[in-house]
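Got your viewer open? Grab the mouse, and let's take a walk through this protein together.

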Amino acid sequence: MSAPLAFGCECGAVAGAVSAEGIAQGRRYVCHCRDCQAFAHYTGHADTVLDRHAGTDILQMPAGAVSLARGRDSLAAVHLTDRPLLRWSCRTCRTPLANSLASPKWAFYSMILTSPDARAIGNASAKHVFPESGCNVPDDVEQASMMAMALPIMKWLASARWTGSWRQHPLFDPKTGAPLAKPVGLSKEERAALDQQVDAFCGHAGG
């Protein structure tokens, strides 16, 4: 079984770990969707988060596999669209950390892999999603279907509901179910500005 993985933001305000079991169950993807690209620009970390094809490395796993050692008060959350997906970062250094849905009952955790150690996890088996939104993504990359992505998530959700472990989601208050940071929303103008940065990055990358 894989070893546990420590993670944290650049300034050290947020730190935690992913269990070995969580890594073993996890599914590794490279996401090229415009929202993932926009989040990298929103946090000011596009140059370190996005690869040359505008892909973001993520590891999806059960939320119960993740624990925070510190930084519950240093989290920030944003809705980039009117959909319920939350994107999490450090409030101080703005390091992108994770994606989740807006309720702990959706007990999965999509970790954004920013460190070399984290990116080495399952690297050979990483599959690509939304390559059509990326920058010159090669035609021969292995893609993941939406069904293939959804099946393990549904399994994790069912297990969390059955055991009650959804209450231990690391990004939500276990008593109230509220997110640990009050999510902010973007105006149409703010999102349009991010989309301009997305387009500029792809043009700079040769896309």
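Here is a tour in a few stops, from the whole chain down to single residues.

**Stop 1: the whole thing.** Keep in mind that this is a predicted model. Show the cartoon and you'll find six helices and 11 strands. Along its principal axes, the C-alpha trace spans about 45 × 35 × 30 Å. How does the radius of gyration of the protein fit with a compact globule? For 207 residues such a globule would have a value near 17 Å, and the protein has 16 Å, which agrees.

Now switch on the surface. The accessible area is about 10,400 Å², and carbon and sulfur atoms own 53% of that. Buried residues account for 47% of the 207. If you look at contacts between residues at least 6 apart in sequence, 67% of them join residues at least 24 apart.

**Stop 2: a small sheet.** Select residues 5-8, 15-18 and 66-70. These are β1, β2 and β5, which form an open sheet in that order, with antiparallel pairing. β1 and β5 stand at the edges with a single partner strand each, so one side of each has no neighbour in the sheet. Tilt your view: neighbouring strands here are turned against each other by 25° on average, direction ignored.

Zoom in on β1 and β2, which pair over four bridges. Click G8, and opposite, in β2, you'll find A15.

**Stop 3: the disulfide.** Select C135 and C202 and show their side chains. The structure holds one disulfide, and this is the pair it joins, with 2.2 Å from S to S. Which parts of the chain does the pair tie together? C135 lies in the loop between β10 (127-129) and α5 (146-163), while C202 is in helix α6 (residues 188-204), so the link connects parts that are 67 residues apart in sequence. Turn the surface on again: C135, at 1% relative accessibility, counts as buried, and C202 at 13% does too.

**Stop 4: cysteines that don't bond.** Pick C11 next. Why is there no disulfide between C11 and C93? C93 has the closest cysteine sulfur, but the distance is 3.7 Å, too far for a bond, because a disulfide needs the two sulfurs within 2.5 Å. C11 is partly exposed, with a relative accessible area of 41%.

Finish with C33. Its closest cysteine sulfur sits in C31, 3.5 Å away, which is also too far for a bond. C33 is buried, at 13% relative accessible area.

Conventions. Residues numbered from 1 in each chain as written. Predicted model: local features only at pLDDT ≥ 70, side-chain atom pairs only at ≥ 80, totals over all residues. Heavy atoms only, no water. Helix = DSSP H or I, 4+ residues; strand = E, 2+ residues; numbered from the N terminus. Buried < 20%, exposed > 50% of the residue type's maximum accessible area, 1.4 Å probe, protein only. Pairing = 2+ DSSP bridges. Axes fitted to C-alpha atoms, helices over the stretch in contact; angles between N-to-C directions. Rg over C-alpha atoms; globule rule 2.2 N^0.38 Å. Contact = heavy atoms within 4.5 Å. Areas by Shrake-Rupley, 256 points an atom, 1.4 Å probe, with all protein chains shown as cover.
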